[in-house]
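Colleague: I would like to learn how to read a protein model, feature by feature. Could we go through one together?
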Amino acid sequence: MKVLVVGGGGREHAIIKKLKENPQVTELFALPGNGGISFDATCVPIAATDVDAMVDFAVKEQVDFVVVAPDDPLAMGAVDKLAEHGIPAFGPTAKAAIIESSKVFSKHLMQKYHIPTAQYETFDDAQKAMDYLQEKNQYPIVIKADGLALGKGVIIAQSFHEAQDAVHAIMENHLFGKSGNQIVIEEFLTGPEVSVLAFTDGKTIVPMVSSMDHKRAMDGDRGLNTGGMGTIAPNPYYTREIADRCMKEIFLPTIQAMQAEGRPFKGCLYFGLMLTPKGPMVIEYNCRFGDPEAQVVLPLLESDLLTIMQAVVEERLDQVEVRFSQGAACCVVLASGGYPQKYEVGFEIHGLDEQGNLPNAQVFHAGTKRTEDGKLVTAGGRVLGVTAVSDSLLCAVKEAYSAAASISFPNLHMRADIGRKGLDA
């Protein structure tokens, strides 16, 4: 089989490494891929958002199966356009991807179908949003851009002044472009956060092992929000009782709601949850594998990923086994100093073998490039994800940090406390 994975980050590298385990996969393409991915797949210099060029490539190369991993091409209808050419693709249609591409849509969906979430109001007028904030006068409060914003479209304001600045930046200064034409203002929830990815074919839903992301740039959950500085799985706060409750109150109702709306969801649905004193609530949905959640969840998957993905596309997920290891995993992200703001790239990466790997951990390349003389250099904010799998969370954390310590490049930045909250649970 010829398989194409759309995207070029750490999540895509984790998917590619898993797909490689299937002996039926004879050729793997990544579009556009990156330096590290190029050791595992043929990288094609087409942007993930250039949907027409991607479809043309898939048709020309007679690709048998496509995995569309990032949110943007999903929202742009990549899966729909591949289907028009008879090419099966894992991921939701544009109609279903709206569950992530519009926070206004997803909040209204939850309200309509009584899926537990934070209280909220939506606005398309900055002055009305300001009036509401003054009237509400409760802080902290959460302000979200409606559309896609690279995982950075959420601002937690601690005061009216900060909330005012957020509304001004998103709606009037267009910090996130058209994504900020509408905003959601919602109550601030407290409790442990949990990420749950789930395979679904629109009828059956199979949650994967839970995980805990670490979004803030600095230790102790300080600093700016990033795309994620590391993850652990499973999440110790996510008990069997909570999982059963989430299935009954959140997961199944969401799939049924999307069916009822004429937007059946097929692919990987991400549930960002908060375990509040009132019970689990949805913070957000994503229409694809989380990044870096995929880098801890997929290494724990014991079943064959391609087989599961094909069953999702063919709506027979109830007929395949989805099995995860009883162990634990920790992923530590090595980033460029200055990320998520201004940072320099082009630094040579030392400590990896000739294939961009380590002997004692899995290395997922997020922002790397290979130079003409074969060297690996930094090429993004998040550069590498170093993942260790072990019998216990404590061992996985220790092994991930031990492996990460052998890698170096100028201005390297990583958090020193990935997994600490989980170990204290």
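Colleague: Let me begin with a pair of strands: which residue is the bridge partner of Leu197 in β16?

Modeller: Please keep in mind throughout that this is a predicted model. The partner of Leu197 is Tyr270, which belongs to β16. That bridge is best read together with the strands around it, for β10 (residues 193-200) and β16 (residues 267-276) pair in the antiparallel sense over eight bridges.

Colleague: In what order do the strands of this open sheet of four lie?

Modeller: The order is β11-β10-β16-β17, and the pairing is antiparallel. At the edges are β11 (205-207) and β17 (279-286), each of which pairs on one side only. From one strand to the next, the twist averages 35 degrees.

Colleague: Turning to helices, how many of the ten residues of α1 (residues 10-19) are buried?

Modeller: The word buried is used for a relative accessible area under 20%. In α1 ten of the ten residues are buried, and among them are charged-looking names that a beginner might overlook, including Arg11, Glu12, Lys17 and Lys18.

Colleague: Against which elements do the buried residues of α1 pack?

Modeller: They pack against the strands β1 (2-7), β2 (27-32), β4 (65-68) and β19 (362-365), and also against the helices α10 (294-297) and α11 (305-313).

Colleague: How many of the ten residues of α6 are buried?

Modeller: Helix α6 (residues 103-112) has seven buried residues out of ten, and is thus mostly covered. The buried ones are Lys103, Val104, Phe105, Ser106, Lys107, Leu109 and Met110. The helix is followed by His114, whose phi is positive, near 55 degrees.

Colleague: How should I read a nonpolar core, and which residues have the most contacts inside the largest one?

Modeller: A nonpolar core is a set of buried residues of certain kinds, joined through side-chain atoms within 4.5 Å. The largest here has 47 residues, and those with the most contacts inside it are Leu4, Met54, Val66, Leu82, Phe251, Phe271 and Leu273. Helix α9 (residues 240-260) gives the largest share of this core, six residues. Apart from this core lies another, of 43 residues, which includes Ile16, Leu301, Leu317 and Phe364.

Colleague: Leaving aside neighbours within four places in sequence, which residues is Met54 in contact with?

Modeller: With those neighbours left aside, Met54 is in contact with Leu4, Val6, Leu31, Ile46, Ala78 and Leu82.

Colleague: Now the backbone: is the peptide bond from Leu31 to Pro32 cis or trans?

Modeller: The bond from Leu31 to Pro32 is cis, with omega near 5 degrees, and Pro32 is found in strand β2. Another cis bond runs from Tyr139 to Pro140, with omega near 0 degrees, and Pro140 is found in the loop between α7 (126-136) and β7 (141-145).

Colleague: What is the phi of Asp221, and where is this residue found?

Modeller: Asp221 has a positive phi of about 55 degrees although it is not a glycine, and it is found in the loop between β13 (216-218) and β14 (222-225). With a relative accessible area of 31%, Asp221 is partly exposed. Asn411 can be read in this way too: phi is near 65 degrees, a positive value in a residue other than glycine. Asn411 is found in the loop between α12 (393-404) and β23 (412-413), and at 44% relative accessibility Asn411 counts as partly exposed.

Technical notes:
Residues numbered from 1 in each chain as written. Predicted model: local features only at pLDDT ≥ 70, side-chain atom pairs only at ≥ 80, totals over all residues. Heavy atoms only, no water. Buried < 20%, exposed > 50% of the residue type's maximum accessible area, 1.4 Å probe, protein only. Helix = DSSP H or I, 4+ residues; strand = E, 2+ residues; numbered from the N terminus. Pairing = 2+ DSSP bridges. Axes fitted to C-alpha atoms, helices over the stretch in contact; angles between N-to-C directions. Contact = heavy atoms within 4.5 Å.
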